[in-house]
Protein chains: 4
Amino acid sequence: MPPPVPVAEPRIAAWDRRVDWWLTGLAVLFLVAYAWQVLDTSLTPAARVVLEVVLTGTWVLFALDYLVRIALARHRWRFVRTHLLDLVILALPMFRQLRALRLITVVSVLNRQLRDDARGRVVFYVVGSVALIGFVASLAVLEAERYAPDSSITTFGDAVWWTMTTISTVGYGDRYPVTPEGRLVAVSLMVSGIALLGVVTASIASWFVENLRRSDAVVERELDEVSADVNRAELQLAAVLVELRAINDRLDALERSSRPS
Amino acid sequence: MPPPVPVAEPRIAAWDRRVDWWLTGLAVLFLVAYAWQVLDTSLTPAARVVLEVVLTGTWVLFALDYLVRIALARHRWRFVRTHLLDLVILALPMFRQLRALRLITVVSVLNRQLRDDARGRVVFYVVGSVALIGFVASLAVLEAERYAPDSSITTFGDAVWWTMTTISTVGYGDRYPVTPEGRLVAVSLMVSGIALLGVVTASIASWFVENLRRSDAVVERELDEVSADVNRAELQLAAVLVELRAINDRLDALERSSRPS
Amino acid sequence: MPPPVPVAEPRIAAWDRRVDWWLTGLAVLFLVAYAWQVLDTSLTPAARVVLEVVLTGTWVLFALDYLVRIALARHRWRFVRTHLLDLVILALPMFRQLRALRLITVVSVLNRQLRDDARGRVVFYVVGSVALIGFVASLAVLEAERYAPDSSITTFGDAVWWTMTTISTVGYGDRYPVTPEGRLVAVSLMVSGIALLGVVTASIASWFVENLRRSDAVVERELDEVSADVNRAELQLAAVLVELRAINDRLDALERSSRPS
Amino acid sequence: MPPPVPVAEPRIAAWDRRVDWWLTGLAVLFLVAYAWQVLDTSLTPAARVVLEVVLTGTWVLFALDYLVRIALARHRWRFVRTHLLDLVILALPMFRQLRALRLITVVSVLNRQLRDDARGRVVFYVVGSVALIGFVASLAVLEAERYAPDSSITTFGDAVWWTMTTISTVGYGDRYPVTPEGRLVAVSLMVSGIALLGVVTASIASWFVENLRRSDAVVERELDEVSADVNRAELQLAAVLVELRAINDRLDALERSSRPS
């Protein structure tokens, strides 16, 4: 869902604008239900069913959004082809083992909202992203690892701590995932950590480089001056032409008067 | 306290200039007392009380500084809103468990002083910051972990070593914090480590890019030449106009003389 | 094989273009045979021999390609000197202990293909490279470590997991190589990890800087305007000259007519 | 010794040029003797004494070089003040515990030589630096840790492996130093690792940015064109002036002839 639809698909763009906040709301709802399910270990069977219904329901709505977007597309085939990744992360969680992939859609919807809110404020966006990804990863790794034999991540506190050591690429190794699902979460965090480092470094670097760029402003100012000079020269040339035409007219008159008088 | 008050608040700016060195002195005093309390395990109860009084006293003075700044603000509400983080890290340490947060204020005051001293000397600033943050983090993690069961950080040497492995994101895992307070210190160090890496990389990159920028100087020099050329052209045009006006005057005279002779 | 041959060697360039896809095919074949040999632990002795023949056969073909390129070179000595590294990684695997080095040639051939396919799409190239290097490294470390005493990497899952923790420089230390061959693989991965971090950061930074460069477009647009202004001034000057010549001609006529009347 | 002496000290600069290669030779000699002493555990007491004499002798020569440079300085006090760090790392190894600091001088001399040889070839310089620092650090950590209780670094192979995991900031934690000297080596490696990452990233970034800078060449070419246009306009103006002066002269003649003939 995240990448903005090119202008060639105005109906999808309109739909996106209309459901934007609904999708964000759904994502938050999903996240709350998921967190509740993972963190509250004393849930009654009834409550567990309710949460499962909420989780599946929001999921179905995300799938519906995708189907509506296909239906609205002018070039359906091209739309499906360019949104193949969305299809994959929507379809794969139908297999029970890959349910954790639902979190990718949720995170990408919320992350997009965050990016739109943070226009230009890189610090705000980075902190928000890390908090969102860290929270979701902590929940996912806890769900995956909690009851695994030899697991070292059994409480939410442990999960958060492990998430921080992983996303910062410190990796003490006092806790680490042992299940395939947990390791998948770890790989996502590593990728996020590398991206995080990249964004932080790039922000600082571009801020440093921006200071260097003041010379560009100087170039622009000098160009403006040259431009003004040339314009003044053009005005002078216009005046020259006026004078010359006057001379020609007078010479005409002179010629006429000096000829056979 | 750190961000410079915008010019719209001249009274706060004046106050800041006046108390700048006092706050730095207070921060150093706090740090000495804190280090003493943590490192000297054979303190008498009386000495312990004295140090506690110093620590609380400097704290109260920091809080007073904040209150004075609110009192001096033209737009009080806006001041509080834009300095919310300062308020939080000043107020939270009132809870005994969060006392370690007092160090954030102290570090931020000293770090600001360091930044003002280091104007443009990135190496000096980076080394100073890392030394300051590393020292404070070593003390804080030692205080948090020393008496924790299963703790692996029990001496100041261990704490410094652990701090170095964390801020460099190496993370051997021979030592790691097990208490929530210690893990909070670790997260601060990870953030510092990522920022450190970013600043080092960005400095080198901007130094590399600066070398590339010599072509900008070429552009500026060429622009100066164009500008000089255009100016010369303008002078020539002025001369042209002088000549033309002379011609017109002569033609006037000719006309007058050639008419009724 | 990877670096493009300079134009000074047209025959080698032609040969490269002709065998390009064959080499890629050979590399894929080698990789499949190697993966099979490593991953399928229940191979019959006969199958093992077949795979060994495939591996050695592709190897001989890579060596032949190198010899042909020497034969085609205009400046043979210079070719050998500038392709010394290729020679080394082709010759060293003749020693049984260094057989793993064959993978470097295979990865470099495939990586070049990937780079040519990914022209400008950094994300695609980075993901492809990491997947290729990660897969090959997982196979190599598994082959090296599987039967080593005290080894912690004994299944392909473990090997992939260890590869990910190493290339991201997280390094939990739950698994680590203990044999010299495994450690060589680890060092390759560390180098790749540092390069990966560099490419990701540099891509983000150049994207940030590109946004800053919009001012350059402004400079160019202003320059175009100045250029248009100057051209207009030149046209005006041409008109001035036409007028002046007309005046001169008329004055000629006047002179002639006003003289001996 | 490393930073180039400013031109204000021509006699020191001349001395530096003369002893440059001698210092490099001394550094290599020191390194060979040091490596021998550390790696050859079956040294006879006599051989051990010889190596110790070589190590102390080269050390004394480095100290002499420093003294000569002070003697040659025009502004002695300023020289000492700006080369304080050199003094410290020369003087501190007189204390037996800090002998490892001698390696800093040796590495800095060799690293300078490497930098001069590698002018502009970043890859060559980075690889050379990492190899040099890694080799020296492996020797130093081995000497420090070999006989320490609970040490995990007891062979040169282990030391090299640990060095690689540290400089890449992977830090598995399968081996780590336990002595203060070993930890000092580790901190040096961490600093080198961060610098390494910075240089690699910055090189890639500046290479990416350089590609972006092609637009600057466009600006320069356009500027050249504008400059040529303006010059052509100036030539035209010169022609205009010639014509105008001719007209004036003719009008003069006309005036004279048309007056009282």
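## Exercises on a predicted complex

The mean pLDDT of chain A is 83, and 89% of its residues reach 70 or more, where pLDDT is the predictor's confidence in each residue, from 0 to 100. This is a predicted model, in which local features need pLDDT of at least 70 and side-chain atom pairs count only at pLDDT 80 or more, while totals for chains, interfaces and linings use all residues. Residues are numbered from 1 along each chain as its sequence is written, chains are lettered from A in the order in which they are written, and side-chain values use heavy atoms, with hydrogens and water left out.

**Exercise 1.** Find which elements of chain A have the lowest and the highest mean pLDDT.

*Solution.* Begin with the helices, which are DSSP runs of H or I with at least four residues, numbered from the N terminus, whereas strands are runs of E with at least two. Helix α9 (residues 214-258) of chain A has the lowest mean pLDDT, 71, and helix α7 (residues 156-167) of chain A has the highest, 95. For the complex, the predictor gives an ipTM of 0.77 and a pTM of 0.82.

**Exercise 2.** Describe the interface of chain B and chain D, starting from its contacts.

*Solution.* Step one is to count contacts (heavy atoms within 4.5 Å): 45 residues of chain B touch 48 residues of chain D in this sense. Step two is the buried area, the accessible area (1.4 Å probe) that two parts lose on being put together, summed over both; here it is about 4100 Å², with 68% of it on carbon and sulfur atoms. Step three is to look for salt bridges (a side-chain nitrogen of Lys or Arg within 4 Å of a carboxyl oxygen of Asp or Glu). The count between these chains is one, and D158(B) forms it with R183(D), the closest N and O atoms being 3.7 Å apart. Step four is to name the elements that give two or more residues to the side of chain B that touches chain D, namely α7 (156-167), α8 (180-212) and α9 (214-258) of chain B. Of these, α9(B) gives the most, with 23 residues.

**Exercise 3.** Explain what the salt bridge between R112(B) and D20(B) ties together.

*Solution.* First, the closest N and O atoms of R112(B) and D20(B) are 3.8 Å apart. Next, R112(B) lies in helix α5 (residues 102-117) of chain B and D20(B) in helix α1 (residues 10-39) of chain B, so the pair ties together parts that are 92 residues apart in sequence.
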